[in-house]
Every structure is written in structure tokens, then in C-alpha cells.
Amino acid sequence: MYTLGIETSCDETSCAILKDCTVLSNVTISSLKEHRKYGGVVPEIATRAHLKSIDKVLMGALSTAGVSLDRIDLVAVTCKPGLIGSLVVGVNFAKALSLSLKKPLIGVNHLHAHIFAPFLNNEEKLKFPFLGLIVSGGHSEIYYVKDFDKIKLLGQTQDDACGEVFDKIAKAYSLGYPGGPVIDRLFDARHKDCFKFKCGRKGLNLSFSGIKTALIYKKMEFEKKNLFDRNVKIKLLSSFQAASIEAIVSAILEAKTKYKLKVVACGGGVLANSYLRKRLKESESRGVRFLIPSIGYTADNAAMVAGLGFYLYNKKKQKSSLRLEAQAN
Ligand code: KG4
Ligand code: ZN
């Protein structure tokens, strides 16, 4: 069965073709560069960019997969949550395709799709229940996954999302946008304990706004004394990266003990972080397995949307009507 996936919830326009759970193509055009000078995603620019790119991305996905449009059996699209203008472009595009091809349509929750990402090309690993961990620019959440239509939120950030804090700190340190990859590249493990930063954590809930403020104040303190140089910057940012990642790792390990589950499916842009990937793998000695998507499927992509759409349609007999609507929250 061929599934076409469409993802437009934020600044990535993405289309993917899957044959069952195997990814044949996953083509993405990001409007990231257009947002750079504003230090974050500008919704109107993202919407216009989706309109401009979506045809091209679909054609690219079909030709890479070597599949013609009339062979598509199912159209899956992210319908929530996300930027409303961006979601509307994808949802309407998907509805038009479903109607003209006379093929079923399924609306997919973007967050649940992130949790599905580790099972792409790997569906045999799918054994319920397990824990879900999403760490992205918009979310930092822990879930109990009884099935993909029975997902319960166990804990979340009480303020900023983890990726958002990487981005805001990078902006304050004049490192550009997005901040996560830059801070990751500057990270030096030898300096990870130079400063004693701490994230807030109460059970499975996290808080990142305090550490963000601490990083900004520390920079100002060093600047006042004329001591803010590259070396100090690397020490501050390495200590920040380690502290924020350790908070996530300790929260998910607490969830594993509390709910007696041995598998965690992970997803979201911050899963590209080298220190997070390393710490999760090291933590497997505590009797838990972390299923981490390959780098191409950590950030927003249509393959995870198609994969979850295929699963819900095939196993759970779910589909959406043409009244499907985009929902921001
Ligand atoms: O999942 P995603 O593509 O979009 C959302 O749904 O939010 O995640 C984007 C976020 C950004 O905040 C970006 O800075 C962060 O993921 N990110 C990273 C890394 N690569 C991307 N954060 C830390 N380390 C990285 N290597
Ligand atoms: Zn996302």
C-alpha cells in the first residue's frame, strides 16, 4: 500500500511516499533561511513559503520514489498542532488530492507522528505499551503510549520548550537561528561542569526558563568585566547543554521506573543533539531501550506523518472526512 504524507505545521514543507512502513522518499524544503534575520519563525512567511513549495515537494517525492500519483492509496496530513496558516496549506492540499484521486484521507497529530518516527522502516519494533519522549522547538513532553490512538500526556515543560531555549540562548549570544545545532557544535564535554546550571524539574514536569535567564545574566556579568571571550562562551554553553539534557534524561528515567516500561520512542528536532543521543544510549544500562530516529527523521518530516497515517488506517481502520480542519492547538 502506498501512502503519501504531507507535513506543513511549521517552517518545513515536506512530502513523503511510503510503501507500507518503508520510506521510498522524503523530500523537504525549509523556509528556515527566510526566518533567520528575525531570530525565529515568522508565521506569514512560513505560510507563503508552503504555498510556493508544496507542488515542487510533491513532484520531488513522487519522482524520487518512482511512484505516479494515481498509485497512491492513502493521503495522510498533519492537521494539528502547529501554526494555523501553515497547517491550512497542507490540509487543503491533502483534501484536494484525496478528492481528485478518490482515495481516503487521514489527519494526523504532529506530536504523535514524532513518536512514530523511530518505527519508520522498523515497524516490527512496535510493541505497546511504551513511553514517548518528544523534545523539539515547540514541545518537551513525556507520554504513555498504549496505542497510537490512546496516548496520555504524563509530563511536560511548564514554560519554554527545550529547543526553544537553545534558540533563545543562541539569539542572546548572537549565534544565529536555529540555535540548537550551533550550540551542539560548540559543545565541549571537558567544560560541561564549569558552571552549575540547573533546570527546574518536579516529577515528570520540566522548566527551562530559569536556565535561560541564568545564561543571559552570566553573559552580561562577564561582559561588564570585559571577560566575555570565546573560551568563556564555550564554557557557559557547554554547561547549559549538559544541564538541560541531564534534566530530560533524569525525567524520562523517572517515568520508566514509575510506569515500569522498558522502551522509550523518541522524536523531535532536539533528538539530533549529539550529547542527548549519547546520554540516552548510555542510560540503556539502566534497563531501558531508547528508540531514536535516524537524523533525517528527528526534525519535522512527512515520512513520520505518512507512517502514522498508514498505521492508523491499516490497523485501526481510521480515516478523516473532507471536513477535516487544521487546528493550531
Ligand atoms: O521538531 P523540530 O524540527 O520542530 C518543531 O516541531 O519544533 O525541532 C526544531 C528544534 C529547534 O529548536 C532547533 O534548535 C532544535 O530543534 N535542534 C537542536 C539540534 N538540532 C535541531 N537542538 C539541539 N541540538 C541539535 N543538534
Ligand atoms: Zn515537530
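In the predicted model, helix 6 makes the greatest contribution to the shell around ligand 1, supplying four residues. Helix 6 spans residues 179–186, and helix 4 (110–116) and helix 5 (162–172) likewise provide at least two shell residues each. The shell draws on both domain 1 (2–120 + 298–316) and domain 2 (130–292), and ligand 1 therefore lies between the two domains. The space that ligand 1 takes up is the largest pocket.

The surroundings of ligand 1 comprise 20 residues, among which Gly 137, Asp 167, Asp 184, Gly 269 and Asn 273 make the nearest approach. Classified by residue type, the shell contains 11 polar residues, six nonpolar residues and three charged residues.

Polar contacts to ligand 1 involve both side-chain and backbone atoms of the protein. Asp 167 places a polar side-chain atom 2.7 Å from an oxygen atom of ligand 1; Asp 167 is also listed with the residues that come nearest to the ligand. A second aspartate, Asp 184, has an N or O atom of its side chain at 3.0 Å from a nitrogen atom of ligand 1. At Gly 180, the contact is instead made by the backbone, of which a polar atom is 3.1 Å from an oxygen atom of the ligand. On its own, ligand 1 has 560 Å² of accessible area, and the protein covers 86% of this.

Several backbone features occur in loops that adjoin the helices described above. The loop between helix 5 and helix 6 contains Ser 174 and Pro 178. In Ser 174, phi is near 55°, a positive value in a residue that is not glycine. Pro 178 is joined to Tyr 177 through a cis peptide bond, for which omega is near -5°. The two helices that this loop separates are both contributors to the ligand shell, each with at least two residues.

A further cis peptide bond links Phe 128 to Pro 129, with omega at about -5°. Pro 129 belongs to the loop between helix 4 and strand 6, the latter comprising residues 130–135. Helix 4, which precedes this loop, is likewise a source of at least two residues of the shell around ligand 1.

How values were computed:
Residues are numbered from 1 along each chain as its sequence is written. Chains are lettered from A and ligands numbered from 1 in the order in which they are written. This is a predicted model: local features need pLDDT of at least 70, side-chain atom pairs count only at pLDDT 80 or more; totals for chains, interfaces and linings use all residues. Side-chain values use heavy atoms; hydrogens and water are left out. A residue is near a molecule or strand if one of its heavy atoms lies within 4 Å of it. A polar contact is a pair of N or O atoms within 3.5 Å; within protein, one must be able to donate a hydrogen and the other to accept it, and residues adjacent in sequence count only if both atoms are side-chain atoms. Accessible areas come from the Shrake-Rupley method with a 1.4 Å probe; for residues, only the protein chains shown count as cover. On a 1 Å grid over the protein atoms alone, a cavity is a set of points where a 1.4 Å probe fits but cannot get out, and a pocket is an open set with protein on both sides within 12 Å along at least five of seven lines; lining residues have an atom within 4 Å of a point. A molecule sits in a cavity or pocket if more than half of its atoms lie within 2 Å of its grid points. Ala, Val, Leu, Ile, Met, Phe, Trp, Tyr, Cys and Pro count as nonpolar, Asp, Glu, Lys and Arg as charged, and the others, Gly among them, as polar. Domain bounds come from an automatic or database domain assignment.
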